[in-house]
Amino acid sequence: ADENAFMRALPKVELHVHLEGTLTPELRWKLAQRNGMTLGLERTGVTYTSLEQLKASYAGAQIRPGHEFDNEEEKFTFFEAYYGGFEVLKTKQDFYDLAMNYFNRVAAINVRYCEVFFDPQGHTNRGVSWDAMMGGLRDAQAVAGRDLNLYCQWIMCFMRDLSPESAMEHYEASLPYHDIIIGIGLDSDEHLRPPALFADLYKRARQDGLFLTCHCDVATDNTHEHIRQVVLDIGGNGVDRIDHGLNATEKPELMELIQDRGIGMTVCPWSYLRHQPVDEVIPRIRALHDAGIKIAVASDDPAYMEDVWVAHNLLLVKKMCEFDDRDMVTLARNAIDMSWGKEEVKTRLL
Ligand code: ES4
Ligand code: ZN
């Protein structure tokens, strides 16, 4: 219990969290009510007629191997659950409320700085305007900075299962909001979607002075080639950070490249442990840290991952990797170091 309190009190930086992945059932229910919507999962025809039912549906996206579902309708993929939540986000107020919900939640566990992903394509596709989306994010960010002592910047993520053309169109449309967008990333389903498909997008963003990161999922075939591309090619000369990328530990040459180039990696323990064996996940996290590679612990999609937020993820690695207090201080410093905040912001966090 003491350790828990310590981890909550420790000033923290979070560098890998998807805004839409912080949509709790409670907020989703509230926004659906406000927007006069019925909630459900179209594929199965199931509707949720109470908050309790909606809450229970979040358990359907739990994909731990061996989990037995009572019936097939309860079972759906993480992506179905996550993208299913998007539909309640319609107005500027909805985006504001979503962002404030995250900020309030993590300010209470002493997160002081965050860089938060959002998926514009999942919103414009449903007819949401850029002004509604970015207006809500902008106002929430300002309130967090002023009232919660929490400084936030936004990372625009592109859905790699959509076309590079769609990504570029969205990139162009985002230009008026680049004062609050610090970088770009790639997320969604990585199967057969190597980063190189988005080489032009990354080059353009680099030219425009944005920072670059890319998801290299732990559970993807071709993951080593994807990691190689982001380390060596993407953006002309490699990215600034890697999201996940734990399979680098299987290739000494990748480890060496990541280390030599000082590329930090965001690591989300609970996101992996939900569907991967402990004996695979934990030694890899430990190996990255022991090799002197900068890793920063984060939460990914806490609302869809059994309500496990960043403080709990830190506690998990501390216990499971047997990190001592010095290691934990290193992780906290790594996150500051790896962040894309201006020097005066970083200095304030130290
Ligand atoms: C994501 Cl867990 C995960 N994987 C890939 N893309 C994502 N976007 C939000 N969460
Ligand atoms: Zn992620």
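## Exercises on a predicted model

An open sheet in this protein consists of four strands in the order β8-β9-β10-β11, and their pairing is parallel; strands here are DSSP runs (E, at least two residues), numbered from the N terminus, as helices are (H or I, at least four residues), and two strands pair if DSSP finds at least two bridges between them. The model is a predicted one, in which local features need pLDDT of at least 70 and side-chain atom pairs count only at pLDDT 80 or more, while totals for chains, interfaces and linings use all residues. Residues are numbered from 1 along each chain as its sequence is written, and chains are lettered from A and ligands numbered from 1 in the order in which they are written.

**Exercise 1.** Determine which strands are the edge strands of the sheet β8-β9-β10-β11, and which residue stands opposite Asp-243.

*Solution.* Begin with the edges: β8 (215-216) and β11 (295-297) each pair on one side only. Next, take the pair β9 (residues 241-244) and β10 (residues 264-267), which run parallel and are joined by three bridges. Finally, Asp-243 is found opposite Thr-266 in β10.

**Exercise 2.** Describe the sheet that contains β1 and β4, and decide how many residues of strand β1 are buried.

*Solution.* The sheet is open and has five strands, in the order β1-β4-β5-β6-β7, with parallel pairing. Its edge strands are β1 and β7 (211-212), each of which pairs on one side only. Between β1 and strand β4 (residues 111-118), which run parallel, there are five bridges; within β4, Val-111 is the bridge partner of Lys-12 and Cys-114 that of Glu-14. As for burial, a residue is buried if 20 or more other C-beta atoms, placed from the backbone, lie within 10 Å of its own C-beta, exposed if 12 or fewer do, and partly exposed in between. Seven of the seven residues of β1 (residues 12-18) are buried, so the strand is largely enclosed by the rest of the structure.

**Exercise 3.** Establish whether Thr-47 is buried or exposed, and which residues it touches.

*Solution.* Thr-47 belongs to strand β3 (residues 46-48). Because it has 12 C-beta neighbours inside 10 Å, Thr-47 counts as exposed. Leaving aside residues up to four places away in sequence, Thr-47 touches Thr-38, Leu-39 and Gly-40, where contact requires C-beta atoms, placed from the backbone, within 7 Å.

**Exercise 4.** List the residues that surround ligand 1, and sort them by class.

*Solution.* The residues around ligand 1 are His-18, Gly-21, Tyr-82, Asp-187, Ser-188, His-215, Ser-271, Asp-300 and Asp-301, a residue being near if its C-beta atom, placed from the backbone, lies within 6 Å. Sorted by class, this shell holds one nonpolar, five polar and three charged residues; Ala, Val, Leu, Ile, Met, Phe, Trp, Tyr, Cys and Pro count as nonpolar, Asp, Glu, Lys and Arg as charged, and the others, Gly among them, as polar.

**Exercise 5.** State how many helices and strands the protein has, and where its domains lie.

*Solution.* The protein has 16 helices and 11 strands. An automatic or database domain assignment gives domain 1 (2-16 + 93-349) and domain 2 (28-79), with C-alpha centres 26 Å apart. Buried residues make up 44% of the 350 residues.

Conventions. Two residues are in contact if their C-beta atoms, placed from the backbone, lie within 7 Å.
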